[in-house]
Amino acid sequence: DCARSSVYRYFDSKEQLLGEVLQERVYSLRREISDEIQRYDDPAEQVVQGLYLTVVAVKHGPSLDLFRSFAAGQGGEIADVLMGQVPDMASELLSDPVFSSARDAGLLRDGLSDQDILQWLITIAIALLQQPSYGEHPEEELAYLRKMLVPSIFSGGT
């Protein structure tokens, strides 16, 4: 309920405004998810829960609509915008002290950098976001992530 000129005093474009709103939503999600995954002692379970909660929150919350609006403003498909714009923001959500503590404990597979892990998690998250019914069967979906995601990142000891 304010004049358009008031908004453009602070933002140069609609895309900049949407980007700021999206970034704030990512930071808010990070706080929520970080609090939630601290309930788990196992770093592998923290990653599984963190990815699952992130995808479900984005898929079923207002964030996906923001991504779509941002993608339209950038003239691209949502997956292209996610891969091009989100890595910095995703690192706020998906790379937590979990990886540094897991690395220090020797739990991560050899040869994987934090960037490798982050890119893999973003790729998986984008694929899961495109599944229409994702989030409707939490136990099955979490079991699948444990079966497929954990071995790709963690060595056998988790």
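This section describes the helical architecture, the salt bridges and the largest pocket of a predicted model.

The protein contains ten helices and zero strands, and its order along the sequence is accordingly written as α-α-α-α-α-α-α-α-α-α. Of its 158 residues, 39% count as buried. Among contacts between residues at least 6 apart in sequence, 71% join residues that are at least 24 apart.

Helix 8 comprises 16 residues. The distance from its first C-alpha to its last is 22 Å, close to the 22 Å expected at 1.5 Å a residue. The buried residues of helix 8 are Ile 117, Leu 118, Leu 121, Ile 122, Ile 124, Ala 125, Ile 126, Leu 128 and Leu 129.

In helix 9, which spans residues 138–148, the buried residues are Glu 141, Leu 142 and Leu 145. These residues lie on the same side of helix 9, because they cover an arc of only 100° around the axis. The other side of helix 9 carries Glu 139, Glu 140, Tyr 144 and Lys 147, which are exposed. The packing partners of the buried residues of helix 9 are helix 3 (43–60), helix 8 (114–129) and helix 10 (150–153).

Side chains of opposite charge can pair when their charged atoms come close. A search of the whole structure identified three salt bridges. One of the contacts between helix 3 and helix 9 is of this kind: Glu 45 forms a salt bridge with Arg 146, with the closest N and O atoms 2.8 Å apart. This pair links distant parts of the chain, given that Glu 45 belongs to helix 3 and Arg 146 to helix 9, 101 residues apart. Glu 45 is buried, with a relative accessible area of 13%, whereas Arg 146 is partly exposed at 32%.

A second salt bridge joins the side chains of Arg 103 and Asp 114, at an N to O distance of 2.8 Å. Arg 103 is located in helix 7 (residues 97–104) and Asp 114 in helix 8, so this pair ties together parts that are eleven residues apart in sequence. Arg 103 is partly exposed, with a relative accessible area of 34%. Asp 114 also counts as partly exposed, at 42% relative accessibility.

The remaining salt bridge is formed by Glu 36 and Arg 39, whose closest N and O atoms are 3.2 Å apart. Glu 36 has a relative accessibility of 30% and counts as partly exposed. Arg 39, in contrast, is exposed, because its relative accessible area is 58% and the cut-off for exposure is over 50%.

The largest pocket encloses about 250 Å³ of space. It is lined by 14 residues, of which the closest to the pocket centre are Ile 124, Leu 128, Tyr 144, Leu 145 and Met 148. Helix 8 and helix 9 each supply at least two residues of this lining. Ile 124 and Leu 128 are among the buried residues of helix 8, and Leu 145 is one of the buried residues of helix 9. Tyr 144, by contrast, is exposed and belongs to the other side of helix 9. Residues near the pocket centre thus include both buried and exposed positions of helix 9.

Note on methods: Residues are numbered from 1 along each chain as its sequence is written. This is a predicted model: local features need pLDDT of at least 70, side-chain atom pairs count only at pLDDT 80 or more; totals for chains, interfaces and linings use all residues. Side-chain values use heavy atoms; hydrogens and water are left out. Buried means under 20% relative accessible area, exposed over 50%, partly exposed in between (1.4 Å probe, protein chains only). Helices (H or I, at least four residues) and strands (E, at least two) are DSSP runs, numbered from the N terminus. The arc is that of the directions from the helix axis to the C-beta atoms. Contact means heavy atoms within 4.5 Å. A salt bridge is a side-chain nitrogen of Lys or Arg within 4 Å of a carboxyl oxygen of Asp or Glu. The expected span of a helix is 1.5 Å times one less than its number of residues. On a 1 Å grid over the protein atoms alone, a cavity is a set of points where a 1.4 Å probe fits but cannot get out, and a pocket is an open set with protein on both sides within 12 Å along at least five of seven lines; lining residues have an atom within 4 Å of a point. Grid points are joined across faces, edges and corners, and a volume is the space filled by probe spheres set on the points.
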